[in-house]
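Here are some comments on this structure, set out as numbered points. Please read them with the model open.

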Amino acid sequence: MASDRSSSSSSNSHKVHIFGIRHHGPGSARSLSQSLASLQPDLILVEGPPEAQALLPLAIHAEMQPPVALLVYAPDCLENSVYFPFATFSPEWQAIQYGFHNNIPVRFMDLPQAHCLAMKEPAASPIEEEPQENPAPTPHTTLGISHRDPLGWLAEVAGFSDGESWWEYMVEHRQDSNDLFKGILEAMTALREELDSSEDPFDKIREQQREAYMRQTIRTALAQGKERIAVVCGAWHAPALVNLPPAKVDAEILKGLPKVKIEATWIPWSYSRLALASGYSAGINSPGWYDHLWTNFQHNSEQVVIRWITRVARLLRTKDIDASSASVIEAVRLAEALSALRDRPLAGLPELNEAIQSVLCFGDPLPMQAIHQELIVSDRMGRVPDNTPMVPLQQDLIRQQKRLRLKPEAKTLELDLRNATDLERSQLLYRLTLLNIPWGKNQYSKGKGTFKEPWQLQWEPEFAVRLIEAGVWGQTILDAATNYTRHQANHAKDLPSLTNLVDKVLLANLGEAASYLMTRLQTEAAIASDITHLMQALPPLGNLSRYGNVRQIDTQIISHVVDGLITRICIGLPVACASLNDEAASQMYELAIAMNRVITLLQNSQYDSLWHGVLTQLTNQSGIHGLLSGCCCRLLLDAGVFSSNDVETHMGLFLSVTNDANQAAKWIEGLLKGSGVVLLHDDRLWQVLDNWVTSLSPTTFDLVLPLLRRTFSTFPAPERRQMGERVKQNSSPQSPTSRNNAISHANLDIERAENIIPAIAQLLGISLK
């Protein structure tokens, strides 16, 4: 039962009941529910942002499914925002549920975020930055018991490794709530007398301001005549709310605080974001396990262990790991035996993990990683009602999610772009990506069909803030993506940036933005003089042709731009390839390979003629880097423009002993990089290369060996093995000249050879007549 402490006057000692809880603790939530039912308060005060007071009734809406969070933000500075997460096992959530279901007023009593955000340094606006992989949200960090985690001190004294394991043992597995909150209050009072809540002066002042405002809220409730006030707060704050100092003391602490305009809404949250590993300082290590504890303790606490191990067994079977019923029984027995040996009232997660790894995983720790990710933490995502206050852009996204049957959950989705619904899904995901909301990540199918498009969907809670922020560009996803794309086009730094943007815009089917971008692209291409920029700009445009029929994209809007780019590249490439060092030649090699891929993809005879013409010119150009010359020969051979004889001729010229050995090795790299099939199936090229290698002096060989080794290391292992066997067996056919040279240099005794010929002829049955 909660402890009754006097406020500033003894007459109020029986009216205020302090419940110090641990945020997101099922044991705290269960004990709090029991205590509230026993107390039957006439007012419940909960640690939370007062600005969200009007949103509290939505907590009992039928469509509200935790985990969820209150998002509080400054509309004039959207990056200045904060989250207040709740799980179904959060004590605050259960206090809210109890109050509304029993017609008891519930109020938030923490320091208003209008003051907190006014004192917070805003970060850079994410809409103007490059998309981040998984940026961490900024939940309300002070929802934790304290910044220094006083539970850690109690755990150390009690012999536990950390505060969470101590709390789980002392509270989460507790069968009754008798004197629990009294004990918590006494422990926190002792800790506050010995410890400062924070070493940071700013945090310490903020904590004093928060507690002063909480006391002011309690005074207001007492002045309104409330007789049984339940105060639900973080355990660390409980001692500060027991005895109320004179009101003027708190008024002085709160005097002159800055203030900004604030708005609030509910958003879906996830267990992965509730976890401590996400960076949330009030997070927990095992939200999925706590959810299991809460659900099963409500029905039958004796089944907690059995049902958990059964869930683990089901998961392991989906991973093709044998988990029989007999093994489940043995794991349950082992977990219970371990808890008994350790004098625990119930097998906790450590005992369960040890039993599961020993029995179900056969001692292998690897399956435990999947168990931790999918069950102990879990990827469960909450849901909020449709009538939750939202900006128009959020509402439009929800409408499209419903129409396209796309739920904000983690899943793998393979779209068939021939299907109208899947095509619209793809376009929506690309539009969101343009708005820096990467709900889906394209996995790039390895199949041959261009109509298949695999996506990995993962909704992150912070996307809600980005949606609100993107609302400045339009009230629908289409309008916002179009307007923001035009804004990006106006600020593009170079031609490749523009063409990459065109690629995304056409995939997102933003017709108006595409037309604007093409105008910008033509302008930039007309004045661009850097051939490398032109070559970098071409591939995204060329790749769009593969989506022309499936995506219903009008590729004519880019064809004239592609014409101009290819023509200018082919005219300027010989000059751009002159006198390049190794680094510049490597960059040009990659660009040439990409360019050739685009030319092949476009299947245009005029483009082929221009491209093959400039490649032929480069192979004959004096002073060209060996890597590029060899590359051009290989591309012309693959295209059927060069025959093996042509390549052999160029190879012989470049591998001449009069040429630099390093450049010769570079030429070989350019010819063979990535594939040695041309050597394996062309004996003449093999022999030319063999003759060149054997003609090198030992000193020169030592110099070029690292270059050759690097080239041959790019070949697939089977090709390298075949080459090794061929060298070992000396199976390459020798030309007549080679054989004559070998014979002429041999030291043969002709007279002795003639004496043995009759005997050999007799053995072979050959007549010498």
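1. Start with the cavities. The model is predicted, and it holds two cavities of 30 Å³ or more. The largest cavity contains about 50 Å³ of space.

2. Which residues line the largest cavity? The lining is made of Leu573, Cys577, Met588, Ala592, Leu615, Leu618, Leu628, Cys631, Cys632 and Leu635. By class, 10 of the lining residues are nonpolar. No polar residue and no charged residue takes part.

3. Next, the helices around this cavity. Helix H23 (582–602), helix H24 (605–619) and helix H25 (626–638) each give at least two residues to the lining. Which helix supplies the largest share? That is H25, with four residues.

4. Now the sheet with E4. It is an open sheet of three strands, in the order E5-E4-E8, and the pairing is antiparallel. Strand E5 (77–86) and strand E8 (263–268) are the edges; each has a single partner strand, so one side of each is left without a neighbour in the sheet. On average, neighbouring strands here are turned by 25° against each other, direction ignored.

5. Look at the pairing of E4 with E8. The two strands run antiparallel and are joined by six bridges. One residue pair to check is Leu70 and Trp266: Trp266, in E8, is the bridge partner of Leu70.

6. A helix covers this sheet. Helix H17 (residues 463–470) lies across E4, E5 and E8. Its direction is at about 150° to E5.

7. The loop between E3 and E4 deserves a look. Pro67 sits in this loop. A cis peptide bond joins Pro66 and Pro67, with omega at about 10°.

8. On to charge pairs. Side chains of opposite charge can pair when their charged atoms come close. How many salt bridges does a search of the whole structure find? The count is 21. In one salt bridge, the side chains of Glu47 and Arg210 meet at 2.9 Å, N to O. This pair links distant parts of the chain, 163 residues apart. Glu47 is in the loop between strand E3 (43–46) and strand E4 (68–74), while Arg210 belongs to helix H7 (residues 201–223).

9. There is a further open sheet to inspect. It has three strands in the order E9-E11-E10, paired antiparallel. Strand E9 (411–416) and strand E10 (440–442) are its edge strands, and each pairs on one side only. Neighbouring strands of this sheet are turned by 30° against each other on average, direction ignored.

10. Within that sheet, follow E10. Three bridges join E10 to strand E11 (residues 452–457), and the two run antiparallel. Lys441 stands opposite Gln456 in E11.

11. Which helix lies across E9, E10 and E11? Helix H16 (residues 420–434) does, running at about 120° to E9.

12. One last backbone point. Ser378 has a positive phi, near 80°, in a residue other than glycine. Where is Ser378 found? Ser378 is in the loop between helix H14 (366–377) and helix H15 (392–403).

Note on methods. Residues numbered from 1 in each chain as written. Predicted model: local features only at pLDDT ≥ 70, side-chain atom pairs only at ≥ 80, totals over all residues. Heavy atoms only, no water. Pairing = 2+ DSSP bridges. Axes fitted to C-alpha atoms, helices over the stretch in contact; angles between N-to-C directions. Contact = heavy atoms within 4.5 Å. 1 Å grid on protein atoms, 1.4 Å probe; cavity = no way out; pocket = protein on both sides within 12 Å on 5 of 7 lines; lining within 4 Å. Points joined across faces, edges and corners; volume = space filled by probe spheres on them. Nonpolar A, V, L, I, M, F, W, Y, C, P; charged D, E, K, R; others polar. Salt bridge = Lys/Arg side-chain N within 4 Å of Asp/Glu carboxyl O.
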